[in-house]
Amino acid sequence: MLLIDTVLRLLSAGQLMLIALVIGRSHAPRAIRWVTVLLLLCVAAYLADVAPVIDVRSMRIWPLIQLGSQMAPLLLWVFAHLIFERPVSRRLLVLGCAVTLACWANFVAAFYWTHRMPVAADIAQHALSFTCAAHAIWVAITERGDDLIERRRAFRTGFVIVVGLQTLGIVIVESWFGYLHTLAGLMLLQSGTTFIAVMAFGAVLLSSNAELLFDGETQPATQPSLSPAENVLRQQLEAAMAAHVYREPGLTIGVLSGKLGVPEHRLRALINQRLGYRNFSDFLNTHRVADAKCWLTDPAKVALPVLTIAMDLGYGSLAPFNRAFRDATGQTPTDWRRAALGGFENS
């Protein structure tokens with residue numbers, strides 16, 4: 001049983017390193033590419049670290065393997081934010097790195113010198129791992145509707161949820177049984193499910209050259225004209241935009257498809273394949289930022305706070321409005337208003 005467990009873990013680790021190589025050579029944005037590579041290598045490090053037959057703790061590189069193993073949940077959290085285009089809190093990231101490094105230092109010291117792991121460090125590491133995995137799953141579930149490509153949307157969501165659930169299971173088992181005293185049956189169950197998940201994800205990813213995780217360059221459809229059904233749907237969509245439906249807070253593509261009375265997948269295909277938008281947020285931001293430009297350059301609205309403009313356009317807070325406006329124009333809303341109105345600007 002122990003030999004089978006080890007073989008499954010090593011096969012999974014090898015597949016993860018192969019996927020990491022493919023993604024590292026892809027054309028994904030640099031930040032996403034390297035976070036993904038590090039995440040896969042750290043998961044591989046965990047699989048090697050707990051393999052029952054191979055004693056990696058006797059190797060000189062074991063501290064590095066252990067660090068990678070402990071970093072995996074935090075990297076999963078960062079990864080989920082990046083692929084679902086949510087801002088990563090620098091403060092939380094620094095805090096997470098500090099806790100991980102402190103726990104790792106205690107773990108290494110306990111193994112080599114004190115032979116006693118501080119309870120506080122053990123609790124802190126497992127609490128951080130549980131929180132990161134749980135929040136990554138929450139991000140995947142709540143943000144899954146934004147992607148306009150159905151297959152990629154399902155893959156991204158499934159990838160984060162499966163890795164997150166595996167992490168939660170590991171944390172719970174280790175918290176109950178201890179790091180080095182988990183039942184052999186549970187270890188084999190974990191290695192078996194991990195092997196199946198890694199092989200499945202690997203087969204899909206390698207066949208798609210990582211495009212299911214990362215955005216390529218979205219192009220409008222090359223066909224010369226829309227089909228009659230697509231043309232009717234586009235007219236419905238344009239009418240809804242003319243009625244400023246995009247200003248509704250919390251508008252999702254599911255809500256919009258309901259308003260138009262059409263299947264969600266048809267609306268996704270139209271916006272992505274025919275209109276050329278990467279995701280639904282980009283589509284909404286195009287209309288919202290266009291309105292914002294007009295409002296911010298209107299002398300009659302000079303006293304209107306930027307926060308009020310953001311809320312009136314459907315944003316839940318100022319930060320996503322600022323980010324969308326800066327991505328579209330290269331300036332903050334306040335700078336845009338100041339450049340346009342000069343002495344009239346009063347914010």
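Is C42 buried or exposed? Keep that in mind, everyone, and I'll come back to it in a moment. Before that, please remember that what you see on the screen is a predicted model.

Let's start with the overall picture. The protein chain has 14 helices and zero strands. If you walk along the chain from the N terminus, you meet one α element after another, right through the series. Lay a box along the principal axes, and the C-alpha atoms fill roughly 70 × 50 × 35 Å.

How much of the chain is buried? Of the 347 residues, 43% are buried. On the outside, the protein chain exposes about 17700 Å², and carbon and sulfur atoms supply 65% of that area.

Now a word on how the chain meets itself. Take the contacts between residues at least 6 apart in sequence: 72% of them join residues at least 24 apart. As for charges, there are 29 positive and 24 negative ones, and their mean positions lie 2 Å apart.

Here is a pair to find on your own screens. V99 sits in helix 4, which covers residues 90-114. Which residues does V99 touch, leaving aside those up to four places away in sequence? They are A124 and L128. Look at L128 in particular: V99 and L128 are 29 residues apart in sequence, yet their C-alpha atoms are 7.9 Å apart in space. And V99 itself counts as partly exposed, because its relative accessible area is 24%, while buried means under 20%.

Back to the opening question, then. C42 has a relative accessibility of 10%, so it counts as buried.

Since we're on cysteines, how many disulfides does a search of the whole structure find? The answer is zero. Why is C42 without such a bond? The closest cysteine sulfur belongs to C97, and because it is 11 Å from the sulfur of C42, it is too far for a bond. To count as a disulfide, the two sulfur atoms would have to be within 2.5 Å.

C103 is another one to look at. It takes part in no disulfide, and the nearest cysteine sulfur, in C132, is 11 Å away. C103 is buried as well, with a relative accessible area of 4%.

So, what should you take home? Remember the 14 helices with zero strands, the contact of V99 with A124 and L128, and the buried C42. Thanks for listening, and do ask me anything!

Technical notes: Residues numbered from 1 in each chain as written. Predicted model: local features only at pLDDT ≥ 70, side-chain atom pairs only at ≥ 80, totals over all residues. Heavy atoms only, no water. Helix = DSSP H or I, 4+ residues; strand = E, 2+ residues; numbered from the N terminus. Buried < 20%, exposed > 50% of the residue type's maximum accessible area, 1.4 Å probe, protein only. Contact = heavy atoms within 4.5 Å. Areas by Shrake-Rupley, 256 points an atom, 1.4 Å probe, with all protein chains shown as cover. Lys, Arg positive; Asp, Glu negative; His and termini not counted. Charge placed at Lys NZ, Arg CZ, Asp CG, Glu CD.
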